[in-house]
Amino acid sequence: MAAGVNLCDVRIEETLKIRIGEAKNLQPRKEPRYSRNCYCIVTLDQEEVFRTATVEKSLCPFFGEDVHFEVPRDFQTLSFYLFDTDLIGKDTVLGKVAIKRGCVHSYHSDTWFPLVHVEPDTEVQGRIHLEIKHYEFIPDTDDDEFSNTPKLSVRIVQCTDLHGYSGNGTFSDPYVSVTIQGPLSRSEPKKTKVKKRTLSPLFDETFLFEIPPDDIESLVLRCTAWSASLIGEDIFLGEVRVPLSKCDLSSCHEGWYWLGPREDKSDPIIKQDLGSLRLRVCHSQDYVFPSSFYDPLRETMLGMGDGQDVQTTAAHILGELVKDKATVARSLVRVFSHHNQVVDFIKLVVDHEVHSTKDSNTLFRGNSVATKSVDEFMKHAGLYYLHDTIKCLVDEIFDDHKRCEIDPAKLREGESLDANLVNLRGYVNRIFAAITCSAMACPTVMCQVFHNIREAATSKFPDDNDVCYTSVSGFVFLRFFAPAILNPKLFQMRNEHANAQTARTLTLISKAIQSLGNVVSSVLCGQVKEPYMETLKSVILDQEHITAFLEIISSPSSAQGLPVDSTIVLKEGILVKRAQGRSRLGFKNFKKRFFVLTNKGLTYSKDKTKPPLGSIPVCDILGAERLGEDSFHSKLMVQIIQPDRQLYIQASNTVEEKEWTRALRKVCQSNPHKVQKYHPEAFVGGKWLCCKERSEKAVGCTPITEVPQPKCVNVAIDCDREIERIHSLFLMNLEKLDELQTECESQCEKCTVQGTLQEMWQQRLTTINNIQSHVISLEQEHKQHRKITHRLTRHGSKKCPWGPTQESPDPFRRFIFIADPLFKLRATLVQCCVCHFEGVVGNWVEIFPLKRTAHHGSSLVCNISQSFKAKSSKLKFISCPMFIRPCCPTWLCSHCFSTSSGDLTDPGWRKILPPSECTASIARLFIMLFVIYFKAVYRAV
């Protein structure tokens, strides 16, 4: 990495986007109720982070719910549990799907997973810290004489992140049982003390075991974590088995271990078809460098001169490379919004879209970068405007539970169609009035974009009198208001999904609002897809109000945006609040309260319908930080720092804790009185538990968590992370970028006459070359960071624990797979001992994941997608493995026998060779590997 850059400056940001589709072929219940009422729970390890709505009376329930959240912590398993509701007692678990962390990235498309049985002893999480010592002679505890029997000292240091079985999952009462097991014997278990109300207990207890001197290699140390229970059996929390043969007992063996499931259960595993669950999991992990690393690529992305052809911009080139236009638009809109250039960017892509469209009836009908960019922009710039316009009506629909079904085929027995039509008409009328009367509140930046869209459409199609309205109404009604009504949770208007009846009502209202986009068209006016929607024509066909609304929002001079004193809800939900006063019994209590965070302050009440019990203005929110578990023996606590005292709140899971903490920090980051230091623990027993200060007004002892300051006041966006995502998109499409580069060079050669077309191709080629240079340079920094991180990572540390049986992969081993389908050679496994290379010979080897492609329908070809390098002062060459381009039957090899560094991403490194020469390259590769390996072994011996 660049000089002066610390590993601590690199942020790791993870995101999970999950689509819970449907389940099928579930096991039926016994009579009298055959079907089931199902819901699905998503957990990180054993912590619940999301729950779907309940689907009633179905053995093939369709959920169709999406969840998107930032991963708040490290985890081992992403699990999905399917439950059947039970009015009496606990709900019945029907089965689960568990995905290991290392496999999460493999399910970006819809996948059917079989449900498996849930075994209580497999539902574990957490880590344990152990120290093991072997003593040949040790003083006896009774006298000063030495014992001749060898002894094993086992020190249980601590556990972390255990599963909570009490207090709604907030704590347990853990202890650890330690035994030594042999092939035919087992020692008496020794137990630590029980630590009350904690999930990260500190034990620091040592136990001695007498062990036979000859059988030490066959012994296994077993440490089992339990939660003490006053009634019934203790609860299993997890265990770790450490074979002593795996430990270096000549010195102290110390390390962290993952807790695993119990392995000695005698109950047979039940094999039964429980059904299946359809899921889509998108996991992204961004390594975000300091902002200066992204400046070259950022300047290239933002480079848009006056009158510049959109085809020469980096944003347009990125849209050509990536198939998923929504992903491209999301990052581009955020970056340009961050730098206050989003209006110019959207105008550029919209003008290009309009210019490329030949028929006004197909304008903005496809999923292009332009349409997706406008969609993403409206979600950002118009979210508060949307809430201010229709949120109160959406809340009313959720609370009323009125029947609005007007499809005769879906009416229930005894239900009145006329009564339902009255209810639906009332909702549609009120939402229609709210939208058309909100024109003056539309944000100015949105009006500027709508104005540019209107001007571009009318200049392209001057003979179409409707295009000035249809070009704007398609975005406003079809892509903004209608989707928000259909899915309020996606637009942050509700915290929960609607039940089946309310969802149907929202669907009918959304259909009516979508029809508003066609009212201004003389061709489509009055057309509805469903016959039963004909009854709402009288409401929909109000063209005068709609055209007036569209006229105002597409005229920048008329719109004024939201009033300055309007209240904007930033986040709301139920949290547990610790009482700030003293109760009659002399201790503080914890109660659930409904919290609402706005741009004016924080309020809380008993529930959503009750008046506020208390409020904190924004000027009094001086900070928001996590609270240590030792303060109240509870996890997920957050402290809101005020001038006089702290307010302590508790979230239900780590995702909610991170979201609330982030929202509170953004609210107070512009507060001039924001504190610079805080107390990570509470003031309990007349002192601060962190620094032991006796004064409650004492200055904090720990610096506050720094929040990245946005460069613009419109939206708080992590611009560096978005540039990192853009870099990843370019990196994944480098081959396509090479093809564009080749095409531009060819076109530049053809355009021999100096003119506008030649200048366009030259500018486009320059932009592509700049992108390649910046992306490859940034990727080199990523490689260097991975190399340093790998070198500093120690297996057995808290960050990288061993497995529950210490069967972890050797951190110094890498594998190369080479296959030659043309000569039908089987894949050969070459094992490289990097520890010998680095420690003895002085070489370093870097091997990247393999990419599989098909070679003319023959056997599987392993494609090493990036460089494989071996440097040495004695070996003056770089090893060059075989790799194949997809859809290309020719072997490609890279050769450089004179230089000491290089990269396969550089087009100059590529050279097409016939298969005969590739066979020779394989032989050279094998010879090089074996020579280095035997030299390393010889020197090590």
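This passage describes the helix packing and the strand pairing of a predicted model.

The predicted chain has 941 residues, and 48% of them are buried. Its secondary structure comprises 19 helices and 38 strands. Contacts across long stretches of sequence are well represented: of the contacts between residues at least 6 apart in sequence, 66% join residues at least 24 apart. The paragraphs below turn first to a group of helices and then to strands.

Helix α5 is a convenient starting point, as it packs against both α4 and α8. Two packed helices are described by the angle between their axes and the distance between the axes. For α4, which spans residues 342-356, and α5, the axes come within 9 Å and cross at roughly 150°. With angles over 145 degrees counted as roughly antiparallel, α4 is therefore roughly antiparallel to α5. The crossing of this pair is left-handed. On the α4 side, the contact is made by V342, F345, I346, V349, V350 and E353, while α5 brings A370, S373, V374 and F377. By residue class, this contact holds eight nonpolar residues, one polar and one charged.

The second partner of α5 (residues 369-381) is α8, a helix covering residues 444-460. Here the axes lie 10 Å apart and the packing angle is about 160°, so α5 and α8 are again classed as roughly antiparallel to each other. The crossing of α5 and α8 is left-handed. From α5, the residues V374, F377, M378 and A381 take part, and they meet V445, M446, V449, F450 and I453 of α8. The residues of this contact are nine nonpolar, with no polar and no charged members. Set side by side, the two contact lists show V374 and F377 of α5 meeting residues of α4 and also residues of α8.

The loop that leads from α5 to α6 (383-400) contains G382. This glycine has a relative accessibility of 0%, and because buried means under 20%, G382 counts as buried. Leaving aside residues up to four places away in sequence, G382 touches F377, M446 and F480. Two of these names have already appeared: F377 and M446 also belong to the contact of α5 with α8. F480 is 98 residues from G382 along the chain, yet the C-alpha atoms of the two are separated by 8.8 Å.

Attention now passes to the strands. Strands of a sheet pair through backbone hydrogen bonds, either parallel or antiparallel. One open sheet consists of four strands in the order β3-β2-β5-β6, and the pairing is antiparallel. Its edges are formed by β3 (47-51) and β6 (92-100), each of which pairs on one side only. From one strand to the next, the twist averages 25°. Within this sheet, β5 (residues 77-84) is joined to β6 by eight bridges in the antiparallel sense. In this pairing, D84 has T92 of β6 as its bridge partner.

Another open sheet, also with four strands and antiparallel pairing, has the order β14-β11-β8-β17. At its edges stand β14 (202-210) and β17 (253-258), which each pair on one side only. Neighbouring strands of this sheet are turned against each other by 20° on average, with direction ignored. The edge strand β17 runs antiparallel to β8 (residues 127-135), and six bridges join the two. In this pair, R127 stands opposite W258 of β17.

Strand β15, at residues 220-227, is mostly covered, with six of its eight residues buried. Two partners of this strand can be named. On the one hand, β12 (residues 174-181) runs antiparallel to β15 and is joined to it by eight bridges; Y175 stands opposite W226 of β15. On the other hand, β15 pairs with β16 (residues 235-243), again in the antiparallel sense and over eight bridges. In that pairing, L221 is found opposite V242 of β16.

Methods:
Residues numbered from 1 in each chain as written. Predicted model: local features only at pLDDT ≥ 70, side-chain atom pairs only at ≥ 80, totals over all residues. Heavy atoms only, no water. Axes fitted to C-alpha atoms, helices over the stretch in contact; angles between N-to-C directions. Parallel < 35°, antiparallel > 145°, perpendicular 65-115°, else oblique. Left-handed = near helix turned anticlockwise from the far one by under 90°. Contact = heavy atoms within 4.5 Å. Nonpolar A, V, L, I, M, F, W, Y, C, P; charged D, E, K, R; others polar. Pairing = 2+ DSSP bridges. Buried < 20%, exposed > 50% of the residue type's maximum accessible area, 1.4 Å probe, protein only.
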